[in-house]
Amino acid sequence: PLLAPIGTPPPGTSSPPALLRTSLVELAREQYPPLSLRLLIGLSAMDTFRPNKLQQLQDALHQAHSIAEGAGAGGGERGSTGVGSSSSSSKRKRRPNSMVDGALSCPRTAKHIGASVASSGSGAVAKPAASVSNNDHTKRKQKTPQRKGAGDNKPTRSKTARKPKQRKQNNSIYPPPVVCVAHESLATRIGQLPSAQLNDVEKAHINNLPAVPYGGTKRIVVVDDASSSDDAVAAIWAELEQQKSSSTSNGNGDDGGSGSGSGSGTDSFHYLGFDTETRPKFHKGGNPNPVALIQLATPSTAYLFRLSFQGMGRGGGAMTKALRGILSNNTIIKVGVGIRDDVSALNRCHGVSCCGTGSSFLDLGPLARLRWPMVRKVGLRNLTATVLGWKLSKAQQMKNWEMKLLTEAMEGYAAADALVALDLLGAIVA
């Protein structure tokens, strides 16, 4: 039956699958090796005959017949001879998605195979010897450890001996901060003052403090063109010179909080409150908005220089050569909190010569921590509450600072940011 032509069914059969099942029963009775039995079980599981698989069926039957001949030649020592005769066929690479694997992997087909074998004959399939197995090709080959050659004996480094990664010294995109020319003299003066204890005011208590007392007591000047900008700069110079003369006549050249004088006992520095405002941006990407407003404050007046606003025209605004001169002058110290970004924004919008190297801008945060080591919150609002006991409102911070006309509340907010910086300096060095 194994060598019968598959295309011509024998008597009593109606289709090639029936012929295969008949051959399966014969093989089961002869106790053929599991390899051929596995192939024929898978092939007989096909419910329908496909002509394009005819050649593959014939090859499988011829392979089973050759295995049977090898088993018969071995006689009683089927275990040793059967393995040698089927070694060449078992080493052949099986196709990954073959017809046999597809039939055996389906639970429904496996159940159908068992039913067909039971109904086709009364013989039982005998198990082969435990020491002989022709399906060893289905087992994964275990990789044997390869010996290292003479050149492979490289020293291994343990995890504990691994050196920790060293941090980069300067991993910021910004250059190192520029130290203000007046910082050393003011720090020296703070070191000579008696020690004092001061703690941060809680955020919930800031709203209960009184507001900054600048309403009606300080003058606010809004500058929106070149001519008024030059007049404002001239007025600032005049007020600084007047303060210098008054401090000299009183014999006091060490008044850091009056807007004039120096922390080192000389009159080489003048002090102005400083801040900037920019129209907020509510989306990511693109270039940042230009600086819209510069606040410069003397002890009596706050000057608001509008640099960018609606309807100002081409070449308008208050940025002039005189204003650049006062911003880049190292004898006029511009005082504020967190003003490093403000200086960078001005140099980006109006050129590096606008603020020079930035050495004339003094950040009060490090000085406040030097004066009171327990103070940790050094923002302008927190320092105002902790040091001065005032509430500095930030309600106007996110307004459109490029609108054509500023509201009275916006003007008062901008002036207070610059005026309070001078009062903070006086409290720190006093």
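**Two helix contacts in a predicted model**

Let me start with helix α10, residues 226-249, and helix α11, residues 321-328, whose axes come within 8 Å of each other and cross at roughly 35 degrees. On the α10 side the contact is made by Ser-229, Asp-230, Val-233, Ile-236 and Trp-237, while α11 contributes Ala-322, Leu-323 and Ile-326. Sorted by character, the residues of this contact of α10 with α11 are 6 nonpolar, 1 polar and 1 charged.

I should say at this point that what we are looking at is a predicted model, and that the mean pLDDT of the chain is 74, with 56% of its residues reaching 70 or more. Over residues 108-134 the pLDDT is below 50, although the model gives this stretch 32 contacts beyond near neighbours in sequence. Residues 170-174 also stay under 50 in pLDDT, and for them the model has 1 contact beyond four places in sequence.

The second pair is helix α14, residues 380-388, with helix α15, residues 408-429, and here the axes come within 11 Å and cross at roughly 45 degrees. With that angle falling outside the parallel, perpendicular and antiparallel ranges, α14 and α15 are therefore oblique to each other, and their crossing is left-handed. From α14 the contact takes in Leu-380, Leu-383, Thr-384, Val-387 and Leu-388, and from α15 it takes in Asp-417, Val-420, Asp-423, Leu-424 and Ala-427. Divided in the way I used earlier, the residues in the contact of α14 with α15 come to 7 nonpolar, 1 polar and 2 charged.

Conventions: Residues numbered from 1 in each chain as written. Predicted model: local features only at pLDDT ≥ 70, side-chain atom pairs only at ≥ 80, totals over all residues. Heavy atoms only, no water. Axes fitted to C-alpha atoms, helices over the stretch in contact; angles between N-to-C directions. Helix = DSSP H or I, 4+ residues; strand = E, 2+ residues; numbered from the N terminus. Contact = heavy atoms within 4.5 Å. Nonpolar A, V, L, I, M, F, W, Y, C, P; charged D, E, K, R; others polar. pLDDT = per-residue confidence, 0-100. Parallel < 35°, antiparallel > 145°, perpendicular 65-115°, else oblique. Left-handed = near helix turned anticlockwise from the far one by under 90°.
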